[in-house]
Amino acid sequence: MLILTTVLTTGALTLTACGSRDDDNKSDGNGGSSNTTVVIGVDAPLTGDLSALGLGIKNSADLAAKTANKEKTVPGITFEVQPLDDQAQPSVGQQNATKFIDNKKVVGVVGPLNSGVSQSMQKPLNDAGLTQVSPANTGTELTQGDNWKTGDKKRPFKTYFRTATTDQIQGAFAAKYLYNNAKIKQVYLIDDQKPYGAGLAASFKATFTDLGGKIVGADHVNPDDRDFNAVVTKVKKSGAKAVYYGGEYPAGAPLSQQLKDSVQIPLMGGDGMYSADFIKLNKKAQGDIATSVGKPVEELDSAKKFIADYKTAGYKDAYEAYGGGTYDATWAIIEAVKLAVSENDGKLPDDARAKVLDAMGKVKFDGVTGPVSFDQYGDTTNTMMTAYQVDGGKWVSKLSEAYKP
């Protein structure tokens, strides 16, 4: 898989070096008209602890591009993807943003996975007028600005969109589920100090305490930590009936396992925990809870074709939590290209990036995850959330609902 990724990446970068529109054209094999190549960048962690989620993102974007080509969704246009590995590091994500900007064939970017990485990519992509659609970012401030908590919502970057809903919604949904459905009233709160984890924990706390729940203790950990004995001791002494963890599965899994070595209470987290790898890394995951954006694609009629096509394509890695949302994020860019081409006599406009960005606000279609469109902030209008619980070595959906805090 690493070899394949390198080949794809190198190939896309070679296109950057070619650069001219003359190189975009591909023969139809009959000496007739030719297609114009359009590139969609994909940024995700393709190596490292979070690669299970990142590879699912890469593959799902690739499938969308291949499907559009096969079905000739945009006549005269051939789509390619340029996947780059951000290693879940903001500095690398920023470097990747520059590479996408420099490749003049890139008309949109799908990704990244991490909200913290996105913070480093938003401004350069915005300055370049290059559309970005994340299938996974949930940090509310990314679309609504730093003062959203006070009601002062201002969209900071016009080029940024997402098919995942916000931590404001996810954290509130989690708190409501734990309090009302799981009947747990005392929680120990832990976060990994990253933008995603801290924001999610804060949202959970606000709603949980409003409902009448009690935060019996709070702590921060390092996302690279794997020894949690000190914080587990605090949890045990606090009398908590559950731990809510704002963070991701590489640290969440050992935290859960060490927790249950000491006290039999569940760990709950967000979509960063909702991965098969959380269970693989945690022998004592039974009963743990996670929320994730959208409804399980396996339960959606709208996702049947995606699931079948993904299997037929033979991808080695699972589509994981963000497969459906990634396909929809990629398809949103494809639909925007379609609009831009249709309004330019069937040809890609010279100012393709600007025209694609203009079209994004008009994009509306029935996607893998359901109806896809964006509001005035670039947020998805689909606020469906699902709570899952580990049972018998797999995540089992417990509750799905369109949620508004």
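Is Leu-300 buried or exposed? Leu-300 is buried, since its relative accessible area is 14% and buried means under 20%. Before I go further, I should say that what we are looking at is a predicted model, and everything I describe this morning is to be taken in that light.

Let me stay with Leu-300 for a moment, which sits in the loop between strand 11, residues 289–293, and helix 11. If we leave aside its neighbours within four places in sequence, Leu-300 is in contact with Lys-295, Val-368 and Thr-369. Of these partners, Val-368 is 68 residues away from Leu-300 in sequence, yet the two C-alpha atoms are 8.0 Å apart in space.

Now to the wider setting. UniProt, in an unreviewed entry, lists residues 37–394 under "domain: Leucine-binding protein". Over that stretch the chain is 41% helix and 19% strand, and the C-alpha atoms at its two ends are 41 Å apart.

Helix 11, which follows the loop of Leu-300, covers residues 304–313 and packs with helix 2, residues 51–70, at an angle of about 100 degrees, the axes being 11 Å apart. That angle makes helix 2 roughly perpendicular to helix 11. On the side of helix 2 the contact involves Gly-56, Asn-59, Ser-60, Leu-63 and Thr-67, and these meet Lys-305, Phe-306, Asp-309, Tyr-310 and Ala-313 in helix 11. Sorted by class, the contact of helix 2 with helix 11 holds four nonpolar, four polar and two charged residues.

Let me turn to the interior. The largest nonpolar core has 108 residues, and those that touch the most other members are Phe-79, Val-187, Ile-190, Phe-204, Phe-278 and Val-337. Helix 12, residues 323–342, gives the most to this core, with ten residues. Apart from it lies another core, of eleven residues, among them Ala-97, Val-106, Val-109 and Leu-125.

Two members of the largest core deserve a slower look. Phe-79 is in strand 3, residues 77–85, and it is buried, with a relative accessible area of 3%. Not counting residues up to four places away in sequence, the contacts of Phe-79 include Val-38, Ile-40, Ala-65 and Ala-68, and also Ile-334 and Val-337. Ile-190, with residues up to four places away again not counted, touches partners including Asp-219, Val-221, Tyr-244, Gly-246 and Leu-255.

A polar side chain can be found buried as well: Gln-258, in helix 9, residues 249–260, counts as buried because its relative accessibility is 16%. Beyond residues up to four places away in sequence, Gln-258 touches Arg-226, Asp-227, Phe-228, Asn-229 and Val-232.

I would like to finish with the backbone. Most residues other than glycine have a negative phi, and most peptide bonds are trans. Against that background, a cis peptide bond joins Gly-111 and Pro-112, with omega about 0 degrees, and Pro-112 lies in the loop between strand 4, residues 106–110, and helix 4, residues 115–127.

Where does Gln-193, whose phi is positive, lie in the chain? Gln-193 is found in the loop between strand 7, residues 186–191, and helix 7, residues 195–211; its phi is near 70 degrees, and it is exposed, with a relative accessible area of 53%. Asp-345 likewise has a positive phi, near 55 degrees, and its place is in the loop between helix 12 and helix 13, residues 352–360. Asp-345 is exposed, with a relative accessible area of 74%.

Key
Residues numbered from 1 in each chain as written. Predicted model: local features only at pLDDT ≥ 70, side-chain atom pairs only at ≥ 80, totals over all residues. Heavy atoms only, no water. UniProt positions renumbered as here; feature names shortened; annotations may be inferred. Helix = DSSP H or I, 4+ residues; strand = E, 2+ residues; numbered from the N terminus. Axes fitted to C-alpha atoms, helices over the stretch in contact; angles between N-to-C directions. Parallel < 35°, antiparallel > 145°, perpendicular 65-115°, else oblique. Contact = heavy atoms within 4.5 Å. Nonpolar A, V, L, I, M, F, W, Y, C, P; charged D, E, K, R; others polar. Core = buried A, V, L, I, M, F, W, Y, C linked by side-chain atoms within 4.5 Å. Buried < 20%, exposed > 50% of the residue type's maximum accessible area, 1.4 Å probe, protein only.
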